[in-house]
Amino acid sequence: MTESSANKSANGKVCHRATNGLKPGKNGFVKSNYLYQQQENKYCYPEEKVHHIACNGGMYKRPFNESFEETPMLLAVLTYVSYGVLTLFGYFRDFLREWKFEKCNIASERDEQKHFVPLYQDFENFYTRNVYMRIRDSWNRPVCSVPGAKMDLVERVSHDYNWTFEYTGKVLKDVINLGSYNYLGFAENTGVCAEAAAEVTKKYGVGVGSTRQELGNLDSHEELEKLVARFLGVESAMVFGMGFATNSMNIPALVGKGCLILSDELNHTSLVLGARLSRSTIRVFKHNNMQSLEKLLRDAIVHGQPRTHRPWKKILILVEGIYSMEGSIVRLPEIIALKNKYKAYLYLDEAHSIGALGPNGRGVVDYFGLDSRDVDVMMGTFTKSFGAAGGYIAGTKELIDYLRAHSHSAVYATSMSPPVVEQIVTCMKCIMGEDGTTIGREQVHQLAKNASYFRRRLRKMGFTIYGNNDSPVVPMMLYMPAKLSAFGREMLKRNIGVVVVGFPATPIIEARARFCISAAHTKEMLDMALNMISEVGDLLNAKYSRRRMLPSLDQTFDETTYEEDED
Ligand SMILES: Cc1ncc(COP(=O)(O)O)c(C=O)c1O
């Protein structure tokens, strides 16, 4: 690839490749060019000093500053060695289990079926019993309160190395919650939303007992759909009882055999499942990498379908607004330019960005100052910023009318519970200011301020932080499996609840803590959490950032993509 093509973004503007240890493979253009500089005072606490941030010009009306620091070689090697040691010990312990020196607790075939083909697949079991089990206490902790800025956790202990847990009868009170997707702080049991939901429960009950097409179509569902369409600035919307099913059941209604799906490599499982169920051909482009996407689009137009070379019936690009493991924001202006250039359709999943991004909380379209009509299919969930459940699809009236008739989710699934509908309606009206207050707007602004502050402080402490400066999802790299569990446990000892994520949810050498910032966090809570994170970071030697130390890298784009399913 020539230098000029490698460095050109979809708008034809020249961008710089990653430098200073930033990871180019993630999106091709990690550090944007400095076409203008803007103070971000808006999102700062008064005592903080502010530096400029960078911006891509042309298509981007606002600064777009996103970085991924490359995993240092030594750390990568040490992480592989740790997994190697775990695997060796795993084989040794399996040997002991086989010969009954050690008790085996994992599911295994019944004695009378021992000669059957094993039902429980072996390698997944191997990983579960020998790696995951050692650190299982970091996950599935029972929460016994609202998942607000603080929460209560049920204390539990294990006497058999995490195979089983016992409750001690104690509750860990007021743990600062850095893990729930409660971006705007609406997941509460008090306040207008909770009161409205309780009131509606008295009138409608909780269950609906039917699908939308039969007797499960309530007046409040229709009110919610009109509100969602108004909120997003589109003609029409449809809501579903489950966010996951909104993707997995509606993508197959839109595309099928002979269609091509171009999917970001880090898309959520619900999008992946929807794509697979559709029986379309799926090609995967590098995360948020416009060169990779454009290459696939160009190839799709030039070569058409395999063997017959007929044109694809439809090309659908699947992306998310905010990627929940990387904290990155989709390069929407460039994707819209590409999809228009190659006449493809765009499906945007705003599960994490709706409510959490943009000056009006209307998601990634609002964030970039774009027109929602440029996105063909707008999808989102109510499980994050709205503190509720369910999902929506929004767009043109034709799209929604079509889905009402063809979506499995609409035809066969019971519709959304009335108190859930009411929670969403009240939240959304609050964000839109239709409740006559500015509370919603203030929450949106507070979230942006908190996220920006939290990220900046972690970076200053020397942690490796992934993602976009404006993203409320803040991944902090820990790399090694032992540090992953140690971090979770040490933070809980200090009364801070965090989520840690490792393989297979992340690449094997990129285990991380994933913080979710909320508008409900006060500055005192954030400062307290930051101090504890710093203390634990020193204890575990986890302040890995080498941003100022690395020489500049000038790597070229690796053109390898892979195809998941070929006709
Ligand atoms: C991008 C994305 N889409 C869809 C979903 C599924 O949504 P829900 O959890 O509301 O079922 C999630 C869940 O986290 C998600 O992150």
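# Helices, rings and a ligand

Colleague: Which residues of helix α16 are buried?
Modeller: Let's pin down the words. Helices (H or I, at least four residues) and strands (E, at least two) are DSSP runs, numbered from the N terminus. Buried means under 20% relative accessible area, exposed means over 50%, and partly exposed is in between (1.4 Å probe, protein chains only). In α16 the buried residues are P481, K483, L484, S485, F487, G488, E490, M491 and L492.

Colleague: What kind of model is this?
Modeller: Residues are numbered from 1 along each chain as its sequence is written, and side-chain values use heavy atoms, with hydrogens and water left out. Local features need pLDDT of at least 70, side-chain atom pairs count only at pLDDT 80 or more, totals for chains, interfaces and linings use all residues, and what you're looking at is a predicted model.

Colleague: How far does α16 reach from its first C-alpha to its last?
Modeller: The expected span of a helix is 1.5 Å times one less than its number of residues. With 13 residues, α16 is expected to span 18 Å. The model comes close to that, at 19 Å.

Colleague: Which residue just after α14 has a positive phi?
Modeller: Start with α14 itself (residues 418–432): its end C-alpha atoms are 21 Å apart, which agrees with the 21 Å its 15 residues should span. Of those, 13 are buried, so the rest of the structure largely encloses α14. The loop between α14 and α15 holds a partly exposed residue at 33% relative accessible area. Its phi is near 80 degrees, and the residue is G433.

Colleague: Which helix gives the most residues to the shell around the ligand?
Modeller: A residue is near a molecule or strand if one of its heavy atoms lies within 4 Å of it. The ligand's surroundings include H268, E320, D349 and K384. Three shell residues come from one helix (residues 243–254), and that's α7.

Colleague: How far is the polar side-chain atom of T383 from an oxygen atom of the ligand?
Modeller: A polar contact is a pair of N or O atoms within 3.5 Å; within protein, one must be able to donate a hydrogen and the other to accept it, and residues adjacent in sequence count only if both atoms are side-chain atoms. A backbone N or O atom of F244 sits 2.8 Å from a ligand oxygen, and one of G243 sits 3.4 Å away. For the T383 side chain, the distance is 2.7 Å.

Colleague: How much of the ligand's area does the protein bury?
Modeller: Accessible areas come from the Shrake-Rupley method with a 1.4 Å probe; for residues, only the protein chains shown count as cover. Taken alone, the ligand exposes 390 Å². The protein buries 86% of that.

Colleague: How many aromatic pairs are there?
Modeller: Rings of Phe, Tyr and Trp (its six-membered ring) pair if their centres lie within 6.5 Å; planes under 30 degrees apart count as stacked, over 60 as edge-to-face, and the rest as tilted. By this rule the count is 15.

Colleague: How many residues apart are Y127 and F503?
Modeller: Their ring centres are 5.6 Å apart and the planes meet at 75 degrees, so the pair is edge-to-face. Y127 belongs to helix α4, while F503 is in the loop between β14 and β15. In sequence, that separates them by 376 residues.
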